[in-house]
Amino acid sequence: MPVLTPDAALSLGATWSQVRQSAHERATAASFPTTDEEIWRYSRIGELDLATFTVAETPTSITGLSDAVTVTQVSASAVALDPALTDLFSETTSSDLFNSLNLAHMDVIVISVARGVVASEPIIVTHTLNGEGNIYFPRLVIDAAENSEVTVVERFISNDGVRSLVVPVLDARAAQSARVRYLAINELGDKAWQIGEHHSQGHRDSDTLLATVALGGDYARVSTAARLLGQGSNTRQVALYFAGGTQMHDFRTLQEHAAPRTTSDLLFKGAVQDTAKSVYTGLIKIHNNAKGSVAYQTNRNLTLSHGAWAESVPNLEIETNDVKCSHASTVGPIDEDQLFYLESRGVNPDVAQRLVVLGFFDEVLAQLPVGNLATSLRQQVANKLSIGVGA
Amino acid sequence: MSTLEIRDLHASVGNKKILHGVNLKISSGEVHAVMGPNGAGKSTLSAVVLGRKGYSISSGSVLLDGVEMLGLPTWQRAVAGLHLVLQYPTEVPGVMLNDVLSEALKGRGRDGDIARLDTLLKTEAARIHFDEKFLERPLNVDLSGGEKKRNETLQLSILKPLFVILDELDSGLDVDALRDCARRVMDATEQDGLGALVITHYSRVLAELRPSKIHILVKGRIVETGGPELADVLERDGYAAFTPEETVEEASTSDPMGLNLFP
């Protein structure tokens, strides 16, 4: 088990080890979260006992590589790192327990695209997490230089019955005029836990997309924060989540505008069936220098069974008047009028419900960065729907 | 030859009784109009015949070729041959027209039509000047009022029911769209023997949809049935002429029913 003690880290003598060492110290100092904290409210954090897990290296495969991108993999057991990459971690001083744990134990993948380069093929990073009792700390850094373009898909896969925990971090950086598109797909098994974070930074006139499709896991949480640091930058966050059985999906979102004339658009759509649960809490934060900014936040939830539960809490925090903001949130069953409409054409109710639920998600699927994945994801949603099974 | 017969139909919404014994019979190829003022129960009648939730039926029958429809779920009534063109067609985000029609045709065992659905859609769309680009839209999403009614008419022409209830076809329709939709319905009555029950407040739509019979529905009862000339009487006198005596006074004080209906 690769645990860096302060002594061992110092013996490596590089800034790299200092990153891990200080993260390790912060993780040790951090208190374990409780649901009394707003950001963990409604969560199942109280059920987690980290001591029951063993740190393991993340088994990862990568496809879609080309000359357009540079991919560097550094596992937690590596002793040295290209000094050029240490800059990517120098500013990380989060005191959050899971972020610090990730930094201390991370298996790093850095995907870099050079200035002006367009990577036309999507890069697919697949983590297969089938070690019973393992905890995994993958960290994916997307570093898109000025006016470059890249699309990255990160898949999290495990088998049903495997009790594992993955604590992934995405760190996406879009330099001036860069275009970064990212999609995380949670296809974890029914005993797996995930506590993940997505961070993006958009510099001047950049465009970022953070997309999530969550189907698996026992408890799967993603905190996604899009930060607009340069004027004219634009970001979109979209998610499709669908929990069944006793699953819980948990999303915390942030749209942070810290520069003038920035735009953000968030669309999260979820469904819960059986006795599953979902949580969405989101914040639009507009700093006083972000004049002329536009921010939209929409969260819609379908409750497909009486025992299913969804919570939606949108929030705004605006420090300047010169902005355009809207937020909308709904939780409820399938619209009766829509069902009647389809049934009045002669479509049986089970089929009508399936069509409406799949239609509900289409708005998100249409925005995913990799078109051909949308088709198979749509099929996975259809397969998961318990409505109409055996009809 | 098919018949749709509504017999002594009583229906309520919550505690409010809306239909007080409606009787009506229509055969294949016929066009009948049900005309009435606001609150007469016109929309309730169409909803109850198709089995929409939220209405309770205390007595009566809806018979399609002698088979009781009340008690059947909506989709089975549709498969049996009843169809409703809604006053305000529902937007169903993300659900495509051809998917719905495929499923609807599947329920009717019309595999041949499923196979040639694309061609059918294009042919029928052209017939009513429905822009082909709208075929790729989710159902009714971002369509204008006129396009929604064309979309409804398109579905009607493909599903080919035995009887259709057109609920306020003319609401939200410009003259051109109304003519396109109405002519397609009239063609279906002549070519396919479609029976059409036209539910309307105004007589405007009857210039295109020419009913052989007009039923006047007031306060949940059909108070008069006659030929097309009834529309002229309505045009001249309004609904007041057909309002039951004991309610005239009430109507004139609490509700201007029958006044200014045809400005």
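In this predicted model, the contact between the two chains draws 19 residues from chain A and 28 residues from chain B. Together, chain A and chain B bury about 2000 Å² between them, and 65% of this area lies on carbon and sulfur atoms. On the side of chain A, the residues A:F340, A:Y341 and A:R345 supply 39% of the area buried against chain B, which is more than any other three residues supply.

With regard to polar interactions, 3 salt bridges are found across the interface of chain A and chain B, and one salt bridge joins the side chains of A:R345 and B:E152, with an N to O distance of 3.2 Å. In addition, 8 residue pairs are in polar contact across this interface, both residues of each pair being at pLDDT 80 or more. The elements of chain A that give two or more residues to the side touching chain B are α5 (336–343) and α6 (349–365), and this side of chain A comprises, by class, 9 nonpolar, 5 polar and 5 charged residues.

Within chain B, 6 strands form an open sheet of mixed pairing, arranged in the order β6-β7-β8-β3-β9-β10. Because β6 (82–85) and β10 (221–226) of chain B stand at the edges and each has a single partner strand, one side of each is left without a neighbour in the sheet. Neighbouring strands of this sheet are turned against each other by 20 degrees on average, direction ignored. Strands β3 (residues 31–35) and β8 (residues 195–200) of chain B run parallel and are joined by 5 bridges; the bridge partner of B:V34 in β8 of chain B is B:I199.

Notes: Residues numbered from 1 in each chain as written. Chains lettered and ligands numbered in written order. Predicted model: local features only at pLDDT ≥ 70, side-chain atom pairs only at ≥ 80, totals over all residues. Heavy atoms only, no water. Pairing = 2+ DSSP bridges. Helix = DSSP H or I, 4+ residues; strand = E, 2+ residues; numbered from the N terminus. Axes fitted to C-alpha atoms, helices over the stretch in contact; angles between N-to-C directions. Contact = heavy atoms within 4.5 Å. Buried area = accessible area lost by both parts, 1.4 Å probe. Salt bridge = Lys/Arg side-chain N within 4 Å of Asp/Glu carboxyl O. Polar contact = N/O pair within 3.5 Å; in protein donor to acceptor, adjacent residues only side chain to side chain. Nonpolar A, V, L, I, M, F, W, Y, C, P; charged D, E, K, R; others polar.
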